[in-house]
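Could you show me around this model, one selection at a time? I have it open in a viewer and would like to know what to click next and what to look for.

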Amino acid sequence: MSYSTLIKEPAIRAWIVATLGTRLAVTTVPLGAVLLAAEKLDSYAVGGLLAGGYAAGEALLAPWMGRRVQHHPLRRELVVAIAGEAALLLAALAVVLTAPGHWWWAVAAMALAGGVASGVPGALRTYVSRIGDDTPSGRDRALALDTMINQGCWLAGPALAAGTATLVSAAAPIALVAAGLLLTVPAVLAMEGSVTAATAASEHETIGARRLVRLMIVPITASALIMTMLAGLDVLLPAL
């Protein structure tokens, strides 16, 4: 199955929209939070707490959210998680803009936002692997497409945060992410509603260790390079 054939599938198109919206959130929020706090609170330290809270919530709640997604319809879980993350990001933004003296509530909201969305990337990856599962090549291309979107978002996210904060306002990155998340909900509703992660996983064949290493080595290497570039951007852009 070619990439052009794959992306003609309505289910794949809906997945692409949902994946772009949710992955850009993960890659835009950290720098956006730092720039927001730097301008509105005059504190890079609070910005670090906002970004760190988002990442910490994602890491701490990921096991629980992953188990939850495993046993419930993906579409329902995705809608709840995406809408919840958008609402919590807007709540954090509102605290910073209207009650800056109570910034710790914004940190708490950011942590919850990262936590409720922690199962979304894995759920979407499971979904696309099942949709592309008609042939082995179809599944491989679907997962490769997922990797390409993911890495592209890691490059685009910091640039989006810095660009909108500079050209519009410091609140723009978080507001834009929240709006983008809400716009992905119709795409999620267009996905198949009966799929669960457990059902999809049970249909996959067992692969050998050598093939697993071959499949992983390229995305792992690419991820390491892109994360290095991202770390440099996160350090340099706020100072420009």
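Select helices H2 and H3 together: they run roughly antiparallel to each other. In this predicted model, the two pack at an angle of about 155°, with their axes 6 Å apart. Because an angle over 145 degrees counts as roughly antiparallel, the pair earns that description. Turn the view until one helix lies in front of the other; the crossing of H2 and H3 is right-handed.

**Stop 1: helix H2**

Now keep H2 alone, residues 10-40. How far does H2 reach from its first C-alpha to its last? The 31 residues cover 42 Å, close to the 45 Å expected at 1.5 Å a residue. Follow the helix along to Thr-28, where there is a kink of about 40°. The proline Pro-30 comes shortly after that kink.

Bring the rest of the structure back and look at what surrounds the helix. Of the 31 residues of H2, 22 are buried, so the helix is largely enclosed by the rest of the structure.

**Stop 2: the loop after H2**

Next, click on Asp-42, which sits in the loop between H2 and H3. Is Asp-42 buried or exposed? Its relative accessible area is 70%, so Asp-42 is exposed; the cut-off for that word is over 50%. Check its backbone too: phi of Asp-42 is near 55°, a positive value in a residue other than glycine.

**Stop 3: helix H3**

Carry on into H3, residues 44-70. Its 27 residues should span 39 Å at 1.5 Å a residue, and the end C-alpha atoms are 38 Å apart, so the two values agree. Where does H3 bend by about 55°? Go to Ala-62 to see the bend, and find the proline Pro-63, which follows within four residues.

Then colour the buried residues of H3, among them Val-46, Leu-50, Tyr-54, Met-65 and Val-69. The glycines Gly-47, Gly-53 and Gly-57 are buried in H3 as well. As you look along a helix, remember a handy rule: an α-helix has 3.6 residues a turn, so residues three or four places apart point the same way.

**Stop 4: an aromatic pair**

Select Trp-103 and Trp-104 and show their side chains. How many aromatic pairs does the structure hold? There is 1, and these two residues form it in an edge-to-face arrangement, 5.9 Å centre to centre with 70° between the planes. Both numbers are useful here, since a pair of aromatic rings is described by the distance of the centres and the angle of the planes. Trp-103 is partly exposed, with a relative accessible area of 27%, and Trp-104 is partly exposed at 43%.

**Stop 5: far along the chain**

Pick Leu-160 in helix H7, residues 136-167. Draw a line from its C-alpha to that of Thr-27: the atoms are separated by 9.2 Å, although the residues are 133 apart along the chain. Leu-160 is partly exposed, with a relative accessible area of 29%.

Another line to draw starts at Arg-130, in helix H6 (residues 120-131). Its C-alpha is 9.0 Å from that of Ala-142, 12 residues away along the chain. Arg-130 is partly exposed too, with a relative accessible area of 24%.

**Last stop: the whole chain**

Zoom out and colour by secondary structure. The protein chain has 10 helices and 0 strands. Of its 240 residues, 43% are buried.

Key:
Residues are numbered from 1 along each chain as its sequence is written. This is a predicted model: local features need pLDDT of at least 70, side-chain atom pairs count only at pLDDT 80 or more; totals for chains, interfaces and linings use all residues. Side-chain values use heavy atoms; hydrogens and water are left out. The expected span of a helix is 1.5 Å times one less than its number of residues. The bend at a residue is the angle between axes fitted to the seven residues ending there and the seven starting there. Buried means under 20% relative accessible area, exposed over 50%, partly exposed in between (1.4 Å probe, protein chains only). Rings of Phe, Tyr and Trp (its six-membered ring) pair if their centres lie within 6.5 Å; planes under 30 degrees apart count as stacked, over 60 as edge-to-face and the rest as tilted. Axes are lines fitted to C-alpha atoms, for helices over the stretch in contact, and angles run from 0 to 180 degrees between N-to-C directions. Angles under 35 degrees count as roughly parallel, over 145 as roughly antiparallel, 65 to 115 as roughly perpendicular and the rest as oblique. A crossing is left-handed if the near helix is turned anticlockwise from the far one by less than a right angle, and right-handed if clockwise.
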